[in-house]
Amino acid sequence: MPRQDPALVAWQSWHAASRRALALCREQQRLETELIRTIGFPSITLNLLTLDKPVQIATVEAFGDLAVAEPSIRYLRNYVEAELLAQEAKWDAADRRIGYSAAVRAEELALSHEERLATELFAADALTIPGVIAKLEALIALDAPSEDTDERPWPQLRRIRAELIHMYRRQKCAAA
């Protein structure tokens, strides 16, 4: 019985983990979008005569920075802090209801698992052309900035992958 290619075995584990991480990422993004649509990011807009234009404040620290530049608004600190805390409480309640933070944690764990399996994949010996193709596939999937980037070395690596696939198919047809 021929020996299995360690790179292909490792790729199968990595690929399954990668698909799971992607699914969890999409779920997390869907839940985040729902939170933003229904609750919005905690923030307050200050529209004061002393300011040139309305200013969006998302943290007490940001208000503090603004108050340093515009001392006449310091009296609003307690109001801003209370409003932001109330909005954060709404966000947290909605988060608990729909499970956004749990989805973020699940995604982080899945990505960590995927990364460990990728390390194992790249350390595994490739004994066949499909093993080399699998490593290239994972490298491109993990590190290319986008699927269709034309920045070097990604088009070249995709071409090498395609050439290897073509060579392997030719060899299989010739052997059959």
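**Close-up 1. Contact of helix α2 with helix α3 in the predicted model.** In this predicted model, Val-60, Phe-63 and Gly-64 of α2 meet Arg-77, Val-80, Glu-81 and Leu-84 of α3. Sorted by class, the residues of this contact comprise four nonpolar, one polar and two charged. Helix α2 covers residues 60-69 and helix α3 covers residues 77-98, and the two pack at an angle of about 160 degrees with their axes 10 Å apart. Because angles over 145 degrees count as roughly antiparallel, α2 and α3 are described as roughly antiparallel to each other. The crossing that these two helices, α2 and α3, make is right-handed.

**Close-up 2. The largest nonpolar core.** Twelve residues would be labelled in this view, since the core has 12 residues: Ile-44, Leu-46, Leu-51, Ile-57, Val-60, Phe-63, Leu-66, Ala-67, Ile-73, Leu-76, Val-80 and Leu-84. Strand β1 (44-46), helix α2 and helix α3 each supply at least two residues of this core, and the largest share, four residues, comes from α2. Apart from this core lies another one, of nine residues, which includes Ala-7, Leu-117, Leu-121 and Ala-138.

**Close-up 3. Surroundings of Ile-44.** Ile-44, a member of the largest nonpolar core, is shown with its contacts, leaving aside neighbours within four places in sequence. The residues in contact with Ile-44 are then Val-55, Gln-56, Ile-57, Tyr-79, Val-80, Glu-83 and Leu-84. Among these partners of Ile-44, Ile-57, Val-80 and Leu-84 also belong to the largest nonpolar core.

**Close-up 4. Contact of helix α1 with helix α3.** Helix α1, which spans residues 6-38, packs against α3 at an angle of about 140 degrees, and the axes of the two helices lie 10 Å apart. In the contact itself, Leu-31, Glu-34, Leu-35 and Ile-36 of α1 meet Trp-91, Ala-94, Asp-95 and Ile-98 of α3. By class, the residues of this contact between α1 and α3 divide into six nonpolar, no polar and two charged. As α1 passes α3, the crossing is right-handed.

**Close-up 5. The cis peptide bond before Pro-153.** The peptide bond that leads from Arg-152 to Pro-153 is cis in the model, with omega near 15 degrees, whereas most peptide bonds are trans. Pro-153 is placed in the loop that lies between helix α5 (129-143) and helix α6 (154-175).

Definitions and conventions. Residues numbered from 1 in each chain as written. Predicted model: local features only at pLDDT ≥ 70, side-chain atom pairs only at ≥ 80, totals over all residues. Heavy atoms only, no water. Axes fitted to C-alpha atoms, helices over the stretch in contact; angles between N-to-C directions. Parallel < 35°, antiparallel > 145°, perpendicular 65-115°, else oblique. Left-handed = near helix turned anticlockwise from the far one by under 90°. Contact = heavy atoms within 4.5 Å. Nonpolar A, V, L, I, M, F, W, Y, C, P; charged D, E, K, R; others polar. Core = buried A, V, L, I, M, F, W, Y, C linked by side-chain atoms within 4.5 Å. Buried < 20%, exposed > 50% of the residue type's maximum accessible area, 1.4 Å probe, protein only.
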